[in-house]
Amino acid sequence: MAFVQRRKGPDVVGSFGLLQPLADGSKLILKEPISPSSANFSLFRMAPVTTFMLSLVARAVVPFDYGMVLSDPNIGLLYLFAISSLGVYGIIIAGWSSNYRGRPFGRL
C-alpha cells in the first residue's frame, strides 16, 4: 500500500514500524494549514483538538483487562454517553467559526 501511495511504509521506517506514527505525525504537522479567510482562527484550530481530546477521554471507561479500568465501571455507561454527546460540539464550533455565509451547494 505504501508503494502505491509513494510513501515509506512501516517496514522501512524504524525497526518493526515503531517510528511510523512519528513520521505520520510530523507529516501532518508540517502540512500547510488551510482555513477560510473570514474564519475565527483560534476557534477554527481548536475545534478538531476538542473533538479528538473528547474521544480520548471517553476511552477512560473501556477496560484494558479483567479488573483493569481507569474509572468506576458502575457509572461508566453514563460517563460514556455524556462524553460522546459533548464530542458534537467540536463539529459545531468548526462550522460556526468558519463564518461561512453562502449556500453550501451553490445555486439550487
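A residue is called exposed when its relative accessible area is over 50%, buried when that area is under 20%, and partly exposed in between. These three words serve as a guide through the structure shown above, which is a predicted model.

The overall plan may be considered first. The chain holds 108 residues, and buried residues make up 18% of them. Its secondary structure consists of four helices and zero strands. Read from the N terminus, the elements follow the order α-α-α-α.

Helix α2 covers residues 41-58, and Phe52 is found within it. Is Phe52 buried or exposed? Its relative accessible area is 51%, and because exposed means over 50%, Phe52 counts as exposed. Phe52 also belongs to a nonpolar surface patch, which it makes together with Val49, Met53 and Leu56. The area of this patch is about 390 Å².

Leu56, another member of the patch, is likewise placed in helix α2. Its relative accessible area is 43%. That value lies between the two cut-offs, and therefore Leu56 is described as partly exposed.

From Leu56 the reader may turn to Ile83. This residue lies in helix α3, a helix that spans residues 76-86. Why does Ile83 count as buried? The reason is that its relative accessibility is 11%, and buried means under 20%.

Several residues distant from Ile83 in sequence can be located relative to it in space. Leu56 and Ile83 stand 27 residues apart along the chain, and their C-alpha atoms are separated by 9.8 Å. Ser55 and Ile83 are 28 residues apart in sequence, with 7.8 Å from C-alpha to C-alpha. Arg59 and Ile83 are 24 residues apart in sequence and 9.6 Å apart in space, again from C-alpha to C-alpha. Arg59 itself lies in the loop between α2 and α3. With a relative accessible area of 53%, Arg59 is exposed, whereas Ile83 is buried.

The last part of the description concerns the largest pocket. How much space lies in the largest pocket? The volume comes to about 220 Å³. The residues that line this pocket are Leu28, Ile29, Lys31, Pro33, Ile34 and Arg45. By chemical character, four residues of the lining are nonpolar and two are charged, while no polar residue is present among them.

Pro33, one of the lining residues, is found in the loop between α1, which comprises residues 20-30, and α2. Although Pro33 takes part in the lining of the pocket, this residue is exposed, with a relative accessible area of 56%. Arg45 also contributes to the lining. Pro33 and Arg45 are 12 residues apart in sequence, and the distance between their C-alpha atoms is 9.4 Å.

In review, the predicted model presents a chain of four helices, a nonpolar surface patch that includes Phe52 and Leu56, a buried residue, Ile83, in helix α3, and a largest pocket lined by residues that include Pro33 and Arg45.

Definitions and conventions: Residues are numbered from 1 along each chain as its sequence is written. This is a predicted model: local features need pLDDT of at least 70, side-chain atom pairs count only at pLDDT 80 or more; totals for chains, interfaces and linings use all residues. Side-chain values use heavy atoms; hydrogens and water are left out. Patches are made of residues with over 30% relative accessible area and no salt bridge: like charges are joined within 9 Å, nonpolar side chains (Val, Leu, Ile, Met, Phe, Trp, Tyr) within 5 Å. Accessible areas come from the Shrake-Rupley method with a 1.4 Å probe; for residues, only the protein chains shown count as cover. A salt bridge is a side-chain nitrogen of Lys or Arg within 4 Å of a carboxyl oxygen of Asp or Glu. Helices (H or I, at least four residues) and strands (E, at least two) are DSSP runs, numbered from the N terminus. Buried means under 20% relative accessible area, exposed over 50%, partly exposed in between (1.4 Å probe, protein chains only). On a 1 Å grid over the protein atoms alone, a cavity is a set of points where a 1.4 Å probe fits but cannot get out, and a pocket is an open set with protein on both sides within 12 Å along at least five of seven lines; lining residues have an atom within 4 Å of a point. Grid points are joined across faces, edges and corners, and a volume is the space filled by probe spheres set on the points. Ala, Val, Leu, Ile, Met, Phe, Trp, Tyr, Cys and Pro count as nonpolar, Asp, Glu, Lys and Arg as charged, and the others, Gly among them, as polar.
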